[in-house]
Amino acid sequence: MAGGGANGGFKSVRIVVAGDKGTGKSSLIVTAAADSFPANVPPVLPPTNLPPDIYPEKVPVTIIDTASSPETRGKLAEELKRADAVVLTYACDNPSTLDRLSTYWLPELRRLEVKVPLIVVGCKLDLRDEQHSVSLEQVMSPIMQQFREIETCIECSALNHIQIPEVFYYSQKAVLHPTAPLFDQEAQTLKPRCIRALKRIFIICDQDRDGALSDAELNDFQVKCFNAPLQPSEIVGVKRVVQEKLPEGVNDRGLTLTGFLFLHALFIEKGRLETTWTVLRKFGYNNDIRLDVDQLPPPIKRTPDQTVELTNEAVEFLKETFSLFDIDGDGSLRTGEVEDLFSTAPESPWSEAPYEDAAERTALGGLSLDGFLSEWALMTARDPMYSVENLIYIGYAGDPSSAIRVTRRRRIDRKKKQTDKNVFQCFVFGPKEAGKSALLNSFIGRPFSDNYFPTKDESYAANTVDQLGGKKTLILREIPDEVVGQLLSNKDALAACDVAVFVYDSSYEESWKKTTELLLKVASHGEATGYEVPCLIIAAKDDLDPHMAALQDSTRVSQNMGIDAPIPISTKLGDFNNVFRRIIVAAEHPHLSIPETEAGKSRKQYHRLINRSLVFVSVGAAVTLVGLAAYRVYAAKKSSSG
């Protein structure tokens, strides 16, 4: 594999030069730009541009000189934060400036959270006392051990024009082909994201899926990445290098994944980062080793009350993928199989909240097909682009735009009295200890627990529900009592909600009172914003003695607001009264089960009266106009007969 260089999307590179006064910053910059040592140098230079064709990447470089006096510290900090790379200087003839790197400058860059490539440059090499000289490696090794963010070190002389172009070449290269995302300097290994990306690239190039790159496949890879074929002798040479160092890197079918990764580690160790970066960028990766935006569908245009679902094409792909990774054929993906599935993604998207505990698991901790598809439905609803990105990582080869569809507006669904959705989102409201979490847990098959753990953050449970028309996916989103106010402060809070559920403890009157307040708040918010939402009341803990006053009042409130009577359930006894199917039914009939507040009823009555008045006025006006027309006809006839 030969080297090459894509620029990673950088249109220009901004390099800031910093360091103690008198270390040679300005002389370094002028000599690099003018190709000659200056006789007189101002204390601080204006921004200096290097011509684009000075380096192979042909990316323009702007160099920013800085002062190091205390009064200019604010401006210096501002420039450092805008830098693509920082050149930090010391004077080879002044050891105290070298000491200041580790006592002041490097800690200061950390304090300012400057996280860009850092090049340490020893200037005034011509003035160093050669009798007491030590190698650059001896000088810098302890500092680089302590400050791993240093990309490289170099010594130079502006007067004798030694290694001046190299300073800014290495600086530009560190920006365009950074080490940090690819390689762990401390462990001397490729970083996990780099390995995962290279594994995906290897699988894409292994067209016959035999686990090795044949000579032909290796050549195709070379042409795609570097626009030049490999000669047969070069292929033999590459494989020999790998086999000598790593026998398992080559087999009788060609270069294995282990060998492919070894080659890239070798390139990086030899400073040929541009080779690996060229490969990554040819396959659509950015500097964070994620797919670049141009590999994903364009931004989705949708109103707040439109949601995003996977298409049938994407679902079929996921079903096939599930079967492919269910190695033991037990109908579920165990933890290791899920990790293997996502081993070509930057990381497993389901290893953290809200996905980690959102789907049903088997007794052995595996994901059934329904659980697997539910996780994808949840990810697509919450973050469509992230979902599509992960589909591509695991091998979806179709047009990325064909993987998702935008649903019809909920307002239109309400008018048409039907919906074409396959995935429904249900917000679960209720006071503390009402049984919200127990409802979510029961939905994904978790056993009931008497222990109470308050939910502080929003949590999700997603599963499929069998309906007459086929399976639908339901996403339950628990809204903790404390965040309801914050949620409803957003005008579009209920836009994506297909149905709202209000859970209360049927044995506790205070629980019902708080639930009434929540129901009123949500109903009022819907009426005020136009995002009215079907609502159901769930009387939880039906295994306990009901509080009669609460029971009677809940029936009265539901009748007054025009919604169904509370649904009694007991998660402890496993008596759910078809509650999840009833939630789906309410979502499928978006014009029903919408509560009306007294204020809402008054507004409707007022609008009816206004509309009637307008009708009356318009009818009266029409009668008047007809009368006038008849009179004119009569007058005209009389006039002619007279």
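Let's start with the aromatic pairs: the structure holds 17 of them. Rings of Phe, Tyr and Trp (its six-membered ring) pair if their centres lie within 6.5 Å; planes under 30 degrees apart are called stacked, over 60 edge-to-face, and the rest tilted. Take Y104 and W105: their ring centres are 5.0 Å apart and the planes sit at 80°, so this pair is edge-to-face. Y169 and Y170, on the other hand, have centres 5.7 Å apart and planes at 50°, so they count as tilted.

A quick word on the model itself. It is predicted, so local features need pLDDT of at least 70 and side-chain atom pairs count only at pLDDT 80 or more, while totals for chains, interfaces and linings use all residues. Residues are numbered from 1 along each chain as its sequence is written, and side-chain values use heavy atoms, with hydrogens and water left out.

Back to our rings: are they buried or exposed? Buried means under 20% relative accessible area, exposed over 50%, and partly exposed in between (1.4 Å probe, protein chains only). W105 is buried at 2%, and Y104 is buried at 18%. Y169 is partly exposed at 23%, as is Y170 at 33%.

Now, how many disulfides does the structure hold? Zero, where a disulfide is a pair of cysteine sulfur atoms within 2.5 Å. Why does C92 not bond with C123? Their sulfurs are 7.2 Å apart, which is too far, and C123 has the closest cysteine sulfur to C92. C426 is in no disulfide either: the nearest cysteine sulfur, in C497, is 6.5 Å away. C426 is buried, at 0%.
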